[in-house]
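Student: I'm new to this structure and would like a close look at just one part of it. Could you pick a strand, walk me through its surroundings, and then place it in the wider picture?

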Amino acid sequence: MNISRRQMLILLPAAAVAWKSVLAGTPESSPNYKMSEHWWSMLIDISKCIGCGNCVRACQTENDVPDGYFRTWVERYHVSDENMTNPEVISPDGGKEGFPEAKEDGGKYFYVPKLCNQCADSPCTQVCPVGATFVTPDGAVLVDQTYCLGCAYCVQACPYGCRYIHPQKKVVDKCTLCYHRITKGLTTACCEACPTGARQLADLKNPNDPIHAFLKTHSVQVLKPQMATGAKVFYNDLDGSVR
Amino acid sequence: MSGVEGFMYPNEIELHWSVLIVLYPYITGLVAGAFILASLERVFNVEAVKPTYRLALLTALSFLLVAPLPLQLHLGHPERSPEMYFTPHSTSAMAMFGYVYLWYLMAVLVFEIWLDYRRDIVLLSQKTKGMTRWIYTIMTLGSSNISKRSLHIDERVGWVVTLVGIPSAFLLHGYVGFIFGSIKANPWWSSPLMPVVFIFSAMVSGIAGVMVIYMATTKLRGRKIDMRCVDTIAMYLFYTFIIDFSLEMLDLIHRIYEADESFRSLDFMVHSKLFFSQIVLQIGLGTLVPLILLGLTQVAKLPELARKRIYSFAGALTLIGIFAMRWNVVIGGQLFSKSFLGYTTYKMSLVTKEGLIVAVGLTLLPLGILWVLVKLLPPWPEDHATQGAAAD
């Protein structure tokens, strides 16, 4: 291919600009990891969650999450027999330090861990004006914080309240499914810290992943299925009152 | 945490879009509305509104120049905003802002103003001296031919630009409505009616804005208000307002009748946190009162002084009402939890980047710009006539 001097002069600055973007979007080096071989999701078994807050604390430590903001949190639902569609929900400091003792006043209590649903058709990705938030080929929704404008349009578009503007960095922040860990063969910080196994990282493309057997034998649900976001955080034993 | 009732998802407690994002649709609405009023004279030959034609164009330009500032100040990283031009994300409604804005600013508004004022600019570049002469000479862009044929071409091209400008004005503000209306996660915003409501409310605010500015500036200059002109503008304001109010009520009745899962939450909000801004300011003082007053001028033969007072009062209330509408959309849409189980409170700061003082400053800034533009390019009919006579 012959490139003239004039073409070279045009191409060089374009390549310099593109190279910056290439570097910014390159994940941490994991030489043996192939994105095309994975499709990440998470399984949450509500019947196993005891509301200890270990997952919230582990996430905060692992990802340097600022106080008052949450990449993951735990909610406690209290659903009374008389008013099943209007549950009483609390999540003091995201459930980080556990919950106050439940009252013995009838109804049922249960805990619901929440995090980014890593949606395949994510509304947050759709609305980002510069494409700073994106879905990776292995199914994680990530944010390029070197590119994010901090406009908060994605925060408005997320139906699950999983995003926030980082108070120091002034860009959007959210759960990355511990992408820096899972691409190295580790599990997420929250899954690792869960004492009851209520949270399980799952790879839908791995035929040996226990999630396949679990999905075949249990009735699982995603949050707000009417939003049609392709959410990939599956809940076992999810009560109809959960929002 | 204080200010929260019921349950909010923990990341929802703090609002992410502040009063500056309220100003953004308010200001762009004034631009679109003012331009549409100007187009009445140019395209639809409504001679009666001619005295406000140039003033409406300059008003639109003044507000348009300020429109991106609240957005820019709101961004966490304003220095990265050019990326919206260089690497726009094709699926994002917001990504198109830069292009829609530039198109409207350069291809429509600035071009039309330049064409309309070109003869005046050439004459002023010859009449004035010193620095002013230089400014006008630059503004001629090297085109000093003001022959009859040349001015005729200006007129024809200007007509085409206005014709293109009308759908562009609809695009500019309909698009702002789409930014909100397309968010399916938020039932307060998610509605296909949103862009249409935004367009009509924009026309209402722009028409009211130009009417009030025209009456105020004419009084300040000690001139007589052209009653035929303001009567016509008030008539257009009245009928546009009826369409706007009908659309808003249609949206409201639809929500009440459907009463879907979000209704209980939204209904509570309208009766509590938004009661003053929505029921009292937007619907009561900002819509029903001006509609009744303007309606009165349509059916009763009122004396000139009474009409003048009604127009000023109704115009000012309309501007407040439309601001309240923008507030209720932007702030109201963030006060309830997407879990529909609780509510938060918006605490406006005073002196921060997104505080009250900055918001007031940004609201007044277009009036300052308009003052400069009016000095540079006098829009008054009598000046136009004088210069016209000088040229002939």
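Tutor: Let's take strand E1 of chain A, which is joined to strand E9 (residues 199-203) of chain A by five bridges, the two running antiparallel. Keep in mind that this is a predicted model. To find your place in that pairing, look for Met42(A), which stands opposite Leu201(A) in E9(A). E1(A) also pairs with strand E11 (residues 233-236) of chain A, this time through four bridges and in a parallel arrangement. Here the residue to look for is Leu43(A), with Phe234(A) of E11(A) standing opposite.

Now look at the side chains. Trp40(A), Met42(A) and Ile44(A) point one way from E1(A), while Ser41(A), Leu43(A) and Asp45(A) point the other way. Whichever way they point, all of these residues are buried. A residue gets that label when 20 or more other C-beta atoms lie within 10 Å of its own. Since six of the six residues of E1(A), residues 40-45, are buried, the strand is largely enclosed by the rest of the structure.

Let's zoom out to the whole chain. Chain A has seven helices and eleven strands, and its C-alpha trace spans about 80 × 40 × 35 Å along the principal axes. Of its 243 residues, 42% are buried. If you take the contacts in chain A between residues at least 6 apart in sequence, 65% of them join residues at least 24 apart.

Chain A also touches chain B, in a contact that takes 34 residues from chain A and 30 residues from chain B. On the chain A side, the elements giving two or more residues are strand E3 (88-90), helix H3 (123-127), helix H4 (153-157) and strand E7 (164-165). H4(A) provides the largest share, four residues. By class, this side of chain A has 24 nonpolar, seven polar and three charged residues.

Finally, a glance at the partner. The domain assignment splits chain B into domain 1 (1-17 + 230-347) and domain 2 (21-182 + 350-385). Taken over C-alpha atoms, the centres of domain 1 and domain 2 of chain B are 27 Å apart. Where these two domains of chain B touch, each gives ten residues. On the domain 1 side, helix H9 (227-258) and helix H12 (304-330) of chain B each supply at least two residues, and H12(B) has the largest share with six residues. That side of domain 1 of chain B comes to eight nonpolar, one polar and one charged residues.

Methods:
Residues are numbered from 1 along each chain as its sequence is written. Chains are lettered from A and ligands numbered from 1 in the order in which they are written. This is a predicted model: local features need pLDDT of at least 70, side-chain atom pairs count only at pLDDT 80 or more; totals for chains, interfaces and linings use all residues. A residue is buried if 20 or more other C-beta atoms lie within 10 Å of its own, exposed if 12 or fewer, and partly exposed in between; C-beta atoms are placed from the backbone. Two strands pair if DSSP finds at least two bridges between them. Two residues are in contact if their C-beta atoms, placed from the backbone, lie within 7 Å. Ala, Val, Leu, Ile, Met, Phe, Trp, Tyr, Cys and Pro count as nonpolar, Asp, Glu, Lys and Arg as charged, and the others, Gly among them, as polar. Domain bounds come from an automatic or database domain assignment.
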